[in-house]
Amino acid sequence: MSRERTDEEFVAAFKVGTEGFEILSLDTEDEGCFSWSPCDTCSSPLGGTRYDATLCNSGEDRRQVRVRVCTDCAMFSANGVLPSGG
Ligand SMILES: [Zn+2]
């Protein structure tokens, strides 16, 4: 069995998944839906709720990428709350 990720592992994975972007903006209308697809930003392989979001880069190219993120990433990007609740 795989153990739960630590907050440090989560943040490290999140940084890799959002590299090159500054903002993860959640779609406010989206209530999420269950999926077995890995999270687009932290690569969590666990099934769970996924939310539609957009990765934005405020740099010259103003890149935007549509992603589907897990609850951990949604909470972290919206409120800075870590998976452990800290
Ligand atoms: Zn995630």
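# Helix packing and strand pairing in a predicted model

The buried residues of helix H1 pack against helix H2. The structure is a predicted model, in which local features need pLDDT of at least 70 and side-chain atom pairs count only at pLDDT 80 or more, while totals for chains, interfaces and linings use all residues. Residue numbers start from 1 along each chain as its sequence is written.

## Overall layout

The protein has two helices and four strands, and along the sequence they follow the pattern α-β-β-β-β-α. Helices (H or I, at least four residues) and strands (E, at least two) are DSSP runs, numbered from the N terminus. The C-alpha trace spans about 45 × 25 × 20 Å along its principal axes. A compact globule of 86 residues would have a radius of gyration near 12 Å, and the 13 Å of the protein agrees with this. That radius is taken over C-alpha atoms, and the globule rule is 2.2 Å times the number of residues to the power 0.38.

Of the 86 residues, 26% are buried. A residue is buried if 20 or more other C-beta atoms lie within 10 Å of its own, exposed if 12 or fewer, and partly exposed in between, with C-beta atoms placed from the backbone. Two residues are in contact if their C-beta atoms, placed in that way, lie within 7 Å. Among contacts between residues at least 6 apart in sequence, 58% join residues at least 24 apart.

## Strand pairing

Two strands pair if DSSP finds at least two bridges between them. Strand E3 (residues 48-56) pairs in the antiparallel sense with strand E1 (residues 23-26) over four bridges. One bridge partnership links Leu 24 to Leu 55 in E3. Strand E2 (residues 33-35) also pairs with E3 in the antiparallel sense, over three bridges, and the bridge partner of Phe 34 in E3 is Thr 49. The pairing of E3 with strand E4 (residues 64-70) is antiparallel as well and runs over seven bridges; here Cys 56 has Gln 64 in E4 as its bridge partner.

## Helix H1 and the nonpolar core

Phe 10, Phe 14 and Gly 17 are buried in H1. They lie on the same side of the helix because they cover an arc of only 65° around the axis, the arc being that of the directions from the helix axis to the C-beta atoms. An α-helix has 3.6 residues a turn, so residues three or four places apart point the same way. On the other side of H1, Glu 8, Lys 15 and Val 16 are exposed.

The largest nonpolar core has 13 residues, and those with the most contacts inside it are Cys 42, Val 69, Cys 70 and Cys 73. H1 (7-17), E3, E4 and H2 (71-79) each supply at least two residues of this core. Such a core is a set of buried Ala, Val, Leu, Ile, Met, Phe, Trp, Tyr and Cys residues joined through C-beta atoms within 7 Å. Beyond its neighbours within four places in sequence, Cys 42 is in contact with Phe 10, Ala 13, Phe 14, Gly 17, Cys 70, Asp 72 and Cys 73.

## Selected residues

The table lists the surroundings of four residues.

| Residue | Location | C-beta neighbours inside 10 Å | Class |
|---|---|---|---|
| Leu 24 | strand E1 | 21 | buried |
| Ser 43 | loop between E2 and E3 | 13 | partly exposed |
| Arg 62 | loop between E3 and E4 | 8 | exposed |
| Tyr 51 | strand E3 | 22 | buried |

Not counting residues up to four places away in sequence, Leu 24 touches Thr 18, Thr 41, Ala 53, Leu 55, Val 69, Cys 73 and Ser 77. Leu 55 in that group is the bridge partner of Leu 24. The C-alpha atoms of Leu 24 and Arg 5 are separated by 21 Å, at 19 residues along the chain.

Tyr 51, leaving aside neighbours within four places in sequence, is in contact with Leu 26, Asp 30, Gly 32, Arg 68, Val 69 and Ala 74. Tyr 51 and Ser 25 are 26 residues apart in sequence and 10 Å apart in space, C-alpha to C-alpha.

Ser 43 has a phi near 65°, a positive value in a residue other than glycine. Phi of Arg 62 is also positive, near 50°, and this residue too is not glycine.
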